[in-house]
Amino acid sequence: MTATLPAVGSTASPPSPADNPAGPAIIRGAAALPWVLRYRRDPLECLGAALASHGPLVMFEKFLPGLGDRKYLLAVGEQAHRETLSQPDLFRTGGQVMLGPKGSAHQRIRKGIFAMNWQTHREHRRLLQPPVQKSEVIASVGGMARLIDEVIDRWTPGTEVDMYREMRTLSNWVAASLLFGNDDFESSLAIGAAIEHWLLLDVEARQSPLPFDLPGTAARRLFRQSERLETMMRQLLAVRRGKGGRDLFSVAIEAADKGLMTEQDAIAHAVILYAASFETTANALAWTVFLLSQHPDVARDLSDEVGGVDCWPLSMAEVDAMPLLGAVVREGLRLMPPVAYTVRSPTQAVEFCGFPLHPGTKIFLNHYHTHRDPDVFHDPHRFRPDRWLTSNPGPYQYVPFSAGPRLCMGYLFALTELKMAIARIVQRFRTSVVPGSSIDASVQLTLRPRDGIPMTVHPQDRGYAAVPIRGNVNGMVTFDT
Ligand code: HEM
C-alpha cells in the first residue's frame, strides 16, 4: 500500500501500520517547524498530510536548539490505540482545555475527570458513574423525548434552519438536564450557557497567535469567564447542597459532602462533563442528519423503520431494536467522529508498537484516520450504514468513544440520545441540505461544521434528494452527487 493521502480527510486509503515496521518516520529540527504551523492552522489536515507522506507513525522532535527535547508522535491504527488506551497507568492524559495561569480559576475548573490519572481517576470515575448507568439512561428517555420534541416543534416546514445550531440547542438542553437536573431547569440552562461560552472562548484562545493573559486577548476573556463560571458554580453548589438529586452535579456534591472528593472537584467535574457531553453530541447529531439527508435511499429505509409521528415516545428497548437506526448512528460516528484524535503521554520509558519511546512524548492517537482503514471498513469514505449489519470491528479499530478503562463514561447516554433524536426527526420531517452550501469541517476541540449546515425542513413526504455541495466535506465523504 502506498502512503498517499491528500489533505484533511482524503478519500484515498491510509497506509497500514504494517507499512512502517522499523518504527516511526522521524522529522527533526527546522523540517519539523512547518508541521507545527500546519497543525495550528488545521489539525486534521496536518494529521492527514503526515500520514500520507510519512506513514502511520510519525515522530516530530528537536524543533529548535534551546527548546528542549519535545517529542510529538502521530499514530494511526489499531495497535497504537490498543497499546495506549488499554494501559492508562502507563499512558497518562493531560486534559482537554488550556492550562491557564498558576492558581487561577481556570486552572482549578479544568481539573475535572479528564485531567485526572491513576488511582484518583479510578475513584472519581466510580463516584460519577450512577447518573450514566443503564438504569438511569432508561429512566431519562422520557425527558429526552420531551426535549427533542420541544426543539423540533419550533421548525416550520418549508423553512431553512442551521442544523448545527439546532442540534447544539438540543444537546445543550439534554446536557443541562443530565448534569444539573430538571427541578430548576432555567438555572440549569443558564449554567449550561455559561459553560458553552467558556468552551468557545477556550477554542478561540488556543487558536489565537497570542494565547496569553494579556489585555484584549481571547485568553484574558477566557480566564475572566472562568472566574465568573466558578462563582456561579459555587452559588449553585450552595443552593443544591443537602437536597439530593440524581443529576451528575448533585451526585458529585454528595460525594464531596461525604469527604470522597473536594467541592472543587465536584465543580470541575460538572463543568468539564457538561462541556464534553454537549459539544460532542451536538456535532454527532448535526453530522448524522447531514449524512442521512445526502443519502436518500438510507433515509427512506430509516423512515420505514422508525414509523410515523404516532410511534412516539419510543422506549430505549424500542430504539435498540431498530437495526438500521443503530447502524446510521454508528456510521455517522465513524465517518465524522466528534473526537477526531486524543492525546496520551508515557509516564516512563516504554516500548510502543515495537520501538522505544521516551517518557513525556505526546502521542496523538488519530481516531479519524483509524476509522478509514480499508482493511477494516470496505469503501471507507462512503456513508454505508449497511456495513454495520454484517460486520463488527474490534474495540480499538472503531473508537468514537475511545476504548479501554477510560472509555467514554457517557457513551450509552449519548448513543441513546442520538438514536432518539434521529428517529424523531425522521418521523416528523424530511431534511435537505440547501443546494450549493459550503460545508466545512474543522477540529476546534471537536470535529465540527465550521460555518454551520444550512438545511430546509419539509413535512415527511419521503422525497429525499442529495444535492451538490461545496466545502472540504467533499474530500472527507464520497457523495454520489
Ligand atoms: C456523541 C457523543 C460523545 C462522544 C463522541 C464522546 C467521546 C469521548 C471520547 C473519545 C472520550 C475519550 C477522551 C480521552 O480519553 O481523551 C470520552 C471521554 C469521556 N466522556 Fe464522552 N463522548 C460523548 C458524550 C458524552 C456524554 C453525553 C457524557 C456524559 C456524561 C460523556 C462523558 C465522558 C467522560 C466522563 C469521559 C472521561 C472518561 C475517563 O477519562 O475516564 N461523554 N468521550
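Here is a walk through this predicted model, from the ligand outwards to the salt bridges and a patch on the surface.

Let's start at the iron atom of the ligand. The protein offers it a single donor, the SG atom of Cys408, at 2.3 Å. To find Cys408, look in the loop that runs between helix H16 (387-390) and helix H17 (411-428).

Now widen the view to what sits around the ligand. The shell counts 25 residues, and the closest are His121, Arg125, Arg344, Arg406 and Cys408. Some of these make polar contacts with ligand oxygens. An N or O atom in the side chain of His121 is 2.6 Å from one ligand oxygen atom. Arg344 brings a polar side-chain atom to 2.6 Å from an oxygen atom of the ligand, and for Arg406 the corresponding distance is 2.9 Å. As for secondary structure, helix H5 (118-128), helix H11 (263-293), strand S6 (341-346) and H17 each supply at least two residues of the shell. H11 gives the most, with 5 residues.

Next, the charged pairs. Side chains of opposite charge can pair when their charged atoms come close. The structure holds 35 salt bridges, and a few are worth clicking on. One of them joins Glu61 to Lys71, with the closest N and O atoms 2.9 Å apart. Glu61 belongs to strand S2 (residues 57-61) and Lys71 to strand S3 (residues 71-75), so this pair links parts of the chain 10 residues apart. Are these two partners buried or exposed? Glu61 counts as buried because its relative accessibility is 4%, and Lys71 is buried too, at 10%.

Another bridge runs from Glu166 to Arg154, where the closest N and O atoms are 2.8 Å apart. Glu166 lies in helix H7 (residues 163-180) and Arg154 in the loop between helix H6 (134-152) and strand S5 (160-162), so the bridge ties together parts 12 residues apart in sequence. Here Glu166 is buried, at 11% relative accessible area, whereas Arg154 is partly exposed, at 44%.

Glu263 and Arg234 also form a salt bridge, with their closest N and O atoms 3.7 Å apart. This pair links helix H11, home of Glu263, to helix H9, home of Arg234, across 29 residues. Glu263 is partly exposed at 30%, and so is Arg234 at 36%. Elsewhere, Asp149, Asp153, Arg424 and Arg428 are linked in a network of salt bridges.

Last stop, the surface. Leu210, Phe212 and Leu214 make a nonpolar patch of about 280 Å². Leu210 sits in the loop between helix H8 (185-207) and helix H9 (218-240), and its relative accessibility of 42% makes it partly exposed.

Technical notes
Residues numbered from 1 in each chain as written. Predicted model: local features only at pLDDT ≥ 70, side-chain atom pairs only at ≥ 80, totals over all residues. Heavy atoms only, no water. Donors = N, O, S within 2.8 Å, 3.2 Å for Na, K, Ca; no water. Helix = DSSP H or I, 4+ residues; strand = E, 2+ residues; numbered from the N terminus. Patch = residues over 30% accessible without salt bridge, like charges linked within 9 Å, V, L, I, M, F, W, Y side chains within 5 Å. Areas by Shrake-Rupley, 256 points an atom, 1.4 Å probe, with all protein chains shown as cover. Salt bridge = Lys/Arg side-chain N within 4 Å of Asp/Glu carboxyl O. Buried < 20%, exposed > 50% of the residue type's maximum accessible area, 1.4 Å probe, protein only. Near = heavy atom within 4 Å. Polar contact = N/O pair within 3.5 Å; in protein donor to acceptor, adjacent residues only side chain to side chain.
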